[in-house]
Amino acid sequence: MTVRPKVCFDRILPRDMMRFQRTMRARGGRTRAISPIGKTWMNGSTLRVRFMSGTPAEQAVAREQAGWWASAANLAFDFNNAPDAEIRITFDLNDGAWSYIGTDCRSIPSNEATMNLGFLDGGTAAHEFGHAIGLAHEHQNPAGGIQWNEQVVIRELAKPPNLWDEDKARHNVLRKYSVDQINGTEFDPDSIMLYFFPASWTLNGIATKANDVLSRLDKEFIAGAKMYPKTGGTVVDATILEVNAGSRTQASIGKVGEEDLFRFTAAADGSYVVDTRGPTDVVMKLFGPNSETALIAEDDDSGIDTNASISADLIAGDYFVQVRHYNRASGMGNYSILVRKV
Ligand SMILES: [Zn+2]
């Protein structure tokens with residue numbers, strides 16, 4: 001009897017198709033694992049988790065494997081079953097394994113699950129929690145060495161347990177993220193975010209193994225400057241920015257991987273621009289209102305030279321701005337930041 005792969009599928013929100021803020025430019029550099037742009041939670045966040053079903057044993061597996069990420073990254077999970085928890089889990093045996101990706105979870109009505117663990121083989125729960133903290137499928141890495149035998153993949157995925165039509169097989173397996181939709185460039189065959197595929201699915205005879213634990217590169221990537229570095233600041237350390245301040249606030253990334261956090265209050269609804277200036281190539285994210293987990297926009301190079309600029313229509317409230325250096329390997333330097341209402 002043939003063992004058929006159980007394949008997790010991404011749930012991508014339709015609004016991704018109409019994301020207007022250009023977020024990132026493709027460049028060289030060596031990074032691993034992949035993350036769709038703009039879906040990471042604020043560094044240092046505590047994500048609350050609610051179990052909507054599941055036996056104590058199933059829930060224990062989910063808790064344990066979520067902890068693998070929490071021990072590598074500057075993120076914590078609180079399994080407090082809060083009604084409005086960011087991550088809400090069902091264990092529906094008939095619905096496969098899936099999760100929404102990162103901050104997309106916030107767009108799901110709070111009476112619906114953001115993750116289903118219909119099977120718990122090996123590292124499945126860790127894999128789904130990888131999605132929940134912003135990771136995509138490693139087999140969709142555009143730098144991946146997999147050349148699919150499309151006919152075989154489509155035929156096999158049409159069979160149980162997946163029962164997928166061609167569109168779904170293309171979306172979940174054959175389609176790769178375009179380079180400027182993701183963070184990361186190099187394929188990691190040991191990633192927990194890779195699923196098992198037999199060699200017959202590929203033209204170049206590459207088979208993959210199911211990975212049941214986080215790879216060294218998974219841990220490195222999730223703790224890296226683009227994701228959740230433990231050296232990064234957290235919400236309580238945020239520097240206050242005054243809107244339309246008379247002068248720009250001077251700042252610096254003093255250590256490789258360091259992340260600066262600012263907060264400002266939008267006193268009234270309107271259009272606001274946050275931008276950086278200076279020789280330092282930074283990546284900036286804007287979160288809010290009144291939330292460290294709701295990402296509004298991410299930008300790398302929209303400003304002058306390699307500076308970042310985000311303009312957004314904001315409602316009155318408190319906002320967080322997170323600034324990191326683009327280059328994790330050598331990323332340090334001075335910059336200035338200003339927020340203004342236009
Ligand atoms: Zn998956």
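The following paragraphs go from the chain as a whole to its cores, then to one buried residue and one sheet.

The model is predicted. Its protein chain has 342 residues, and 54% of them are buried. The secondary structure consists of five helices and 17 strands. The accessible surface of the chain is about 14,400 Å², and carbon and sulfur atoms hold 52% of that area. Among contacts in the chain with a separation of 6 or more, 80% are between residues 24 or more positions apart.

The interior can be read through its nonpolar cores. In soluble globular proteins, nonpolar side chains tend to be buried together. The largest nonpolar core here contains 34 residues, and Trp69, Phe77, Ile87, Ile89, Phe129 and Ile222 have the most contacts inside it. Several elements each supply at least two residues of this core: the helices H1 (56-72), H2 (124-132) and H5 (216-222), together with the strands E3 (46-51), E5 (87-90), E6 (97-100) and E7 (115-117). A second core is separate from this one; it has 23 residues, including Phe264, Val282, Ala308 and Leu314.

Ile222 is a useful place to look at the largest core. Not counting residues up to four places away in sequence, Ile222 touches Trp69, Ala72, Ala73, Ile133, Leu135, Met227 and Tyr228.

One of these partners, Ala73, can be followed further. Ala73 sits in the loop between H1 and strand E4 (76-78). Is this residue, Ala73, buried or exposed? The relative accessible area of Ala73 is 1%, and the cut-off for buried is under 20%, so Ala73 counts as buried. With neighbours within four places in sequence left aside, Ala73 is in contact with Ile222, Tyr228 and Lys230. Ala73 and Glu220 are 147 residues apart along the chain, yet 8.8 Å separates their C-alpha atoms.

The last part to trace is a sheet. This sheet is open and has five strands in the order E9-E11-E16-E13-E14, with mixed pairing. Strands E9 (239-240) and E14 (295-299) stand at its edges; each has a single partner strand, so one side of each is left without a neighbour in the sheet. The partner of E14 is strand E13 (residues 282-287), and the two pair in the antiparallel sense over four bridges. Along this pairing, Lys285 stands opposite Glu298 in E14. Val282, within the residue range of E13, is also one of the residues of the second core.

How values were computed
Residues numbered from 1 in each chain as written. Predicted model: local features only at pLDDT ≥ 70, side-chain atom pairs only at ≥ 80, totals over all residues. Heavy atoms only, no water. Pairing = 2+ DSSP bridges. Core = buried A, V, L, I, M, F, W, Y, C linked by side-chain atoms within 4.5 Å. Buried < 20%, exposed > 50% of the residue type's maximum accessible area, 1.4 Å probe, protein only. Contact = heavy atoms within 4.5 Å. Areas by Shrake-Rupley, 256 points an atom, 1.4 Å probe, with all protein chains shown as cover.
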